Amino acid sequence: MKIGSHVSMSGGLINAAKEAHSYNANTFMIYTGAPQNTKRSPIEKLKIEEGKKFMEEHNISDIVVHAPYIINLASYKEDTYDLAINFLKQEIDRTTAIGSDYIVLHPGSFTDKTLEYGIERISNGLNQVLTDDTKPFICLETMAGKGSEIGRNFEELKAIIDKVYKKEKIGICLDTCHLHDSGYDIINDFDGVMNNFDKIIGIDKIKVVHINGSLNKCGAKKDRHANIGATEDNPKGKDFIGFDAIYNIVHSKYLKDKIFILETPWLDTKTNLYKQEIAMLRG
C-alpha cells in the first residue's frame, strides 16, 4: 500500500522525506510553501537532490504536491484570476522540479456568479496552464460543498474535464471527508459510490486519495477533518465516518495502487498519530 501523510517542507525536501520516514510512510504530500500566500523559497534552496537520495534509500516515492488555497480559477475578479493562473503555472514548475507527478488542486469557488460561470472559468484557466510538456497530473479534488465551491459532486468535476483540451493531463483526488460531507454514502455503499464515479468520470482518473475522518454527519457540507475512528473523548472531536469504513476504502478493489494521503488533525509530537494511523490502515 502506498500511504503517507501531509508533512512540512520547512528545511526542504530532505526534511519532508525524513519526517515521512519517521511515520513509516512510503509516500507523502507537501505544500511548496504556506498554502495561504504566494511566498516561496527559490527552488535551489529546497534541497531537492538530498531529498531524492534519501527517498530512494528508504523506499519513498510517488509524492504529492498540494496547490495553495489562494488559487481560485473560478473567480470573476480579473486580478484574482490572473494570479491563480500565473501562480498555478509556477507551482507546476516547482512540482516538476521536486520530482512529483501529482499536484492536487481545489477547483475553485464561483462566489457572486453562477456554477456554470465558475466551471467555464476553471476549464479556461486549465487550458491556459496545460501544455504538451506539462508533466504532473492536475488532480481536481472532490469538495465538501460548503459555500459556492465547485466539485461537490462528480457531475461538476466531469463538466470541468469535458471543457479541458488536454484531458489526459487531468486526474482526480478523492477526499473521504469531502465525499462524506457532500452527501455520498461512503460508509454503507462505497461500492455504489465508486460505480457511480466510474460511470460519470472513470476510475482510471483517480490518482490520489485523501484519507480523513469527518467531524460531521453525512451531507453536512462542512469540511472538518477528524482523526480516523476518533471518539467523543478525542481532543479534536468524534469521527462520523469511522475506522471500519476508512479501512474498507483504503483496501477497496477500486483504489488498488492509488496513493493514500492522511490529512487528519495533528495533535502533538508525543502522540505521533500519523504513524499510528498509517499502521492501523495498513492492517
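Contact, as I use the word in these entries, means heavy atoms within 4.5 Å. The model I am reading is a predicted one.

**Entry on helices H3 and H4**

I began with the pair H3 and H4, whose axes come within 10 Å and cross at roughly 40 degrees. That angle makes H3 oblique to H4, and I noted that H3 passes H4 in a right-handed crossing. I then listed who meets whom: from H3 the residues are Glu78, Tyr81, Ile85, Leu88, Lys89 and Ile92, and from H4 they are Arg121, Asn124, Gly125, Leu126, Gln128 and Val129.

**Entry on helices H4 and H5**

Next I turned to H4 and helix H5, residues 154-162, which pack with their axes 8 Å apart at an angle of about 45 degrees. By that angle H4 is oblique to H5, and the crossing of these two helices is right-handed. On the H4 side I found Leu115, Ile119, Ile122, Ser123 and Leu126, which meet Glu156, Ala159 and Ile160 in H5. I marked Leu126 in my list because it appears among the H4 residues that meet H3 and among those that meet H5.

**Entry on the nonpolar cores**

Which residues touch the most other members of the largest nonpolar core? I found Phe28, Leu126 and Met194, in a core of 76 residues. H3 supplies the largest share of this core, with seven residues. Apart from it lies another core, of nine residues, which includes Val64, Val104, Val208 and Ile261.

I looked up phenylalanine 28 on its own, leaving aside its neighbours within four places in sequence, and found it in contact with Ser5, Val7, Leu13, Ala16, Ala17, Ala20, Met55, Ile60, Ile63, Val64 and Ile261. Two of the names in that list, Val64 and Ile261, are among the members of the nine-residue core.

**Entry on serine 75**

Is serine 75 buried or exposed? Its relative accessibility is 4%, so I entered serine 75 as buried, and its place is in the loop between E3 and helix H3, residues 78-98. Leaving aside neighbours within four places in sequence, serine 75 is in contact with Thr80, Tyr81, Ser109, Tyr117 and Arg121. Tyr81 of H3 and Arg121 of H4 had already come up where those two helices meet.

**Entry on the cysteines**

How many disulfides are there? I count zero, and cysteine 139 is in none, the nearest cysteine sulfur being that of cysteine 173, 6.7 Å away. Cysteine 173 is likewise in no disulfide, with the sulfur of cysteine 139 as its nearest at 6.7 Å. The cut-off for a disulfide is 2.5 Å between the sulfur atoms, so the separation of 6.7 Å leaves cysteine 139 and cysteine 173 unpaired. Cysteine 139 is buried, with a relative accessible area of 0%, and cysteine 173 counts as buried at 0% relative accessibility.

**Entry on positive phi**

Most residues other than glycine have a negative phi, so I looked up two that do not follow this. Aspartate 62 has a positive phi of about 55 degrees; it lies in the loop between helix H2 (48-57) and strand E3 (64-66), and at 34% relative accessibility aspartate 62 counts as partly exposed. Threonine 111 has a phi near 45 degrees, again a positive value in a residue other than glycine. Its place is in the loop between strand E4 (102-105) and helix H4 (115-129), and I entered threonine 111 as partly exposed, at 41% relative accessibility.

Methods
Residues are numbered from 1 along each chain as its sequence is written. This is a predicted model: local features need pLDDT of at least 70, side-chain atom pairs count only at pLDDT 80 or more; totals for chains, interfaces and linings use all residues. Side-chain values use heavy atoms; hydrogens and water are left out. Helices (H or I, at least four residues) and strands (E, at least two) are DSSP runs, numbered from the N terminus. Buried means under 20% relative accessible area, exposed over 50%, partly exposed in between (1.4 Å probe, protein chains only). A nonpolar core is a set of buried Ala, Val, Leu, Ile, Met, Phe, Trp, Tyr and Cys residues joined through side-chain atoms within 4.5 Å. Axes are lines fitted to C-alpha atoms, for helices over the stretch in contact, and angles run from 0 to 180 degrees between N-to-C directions. Angles under 35 degrees count as roughly parallel, over 145 as roughly antiparallel, 65 to 115 as roughly perpendicular and the rest as oblique. A crossing is left-handed if the near helix is turned anticlockwise from the far one by less than a right angle, and right-handed if clockwise.
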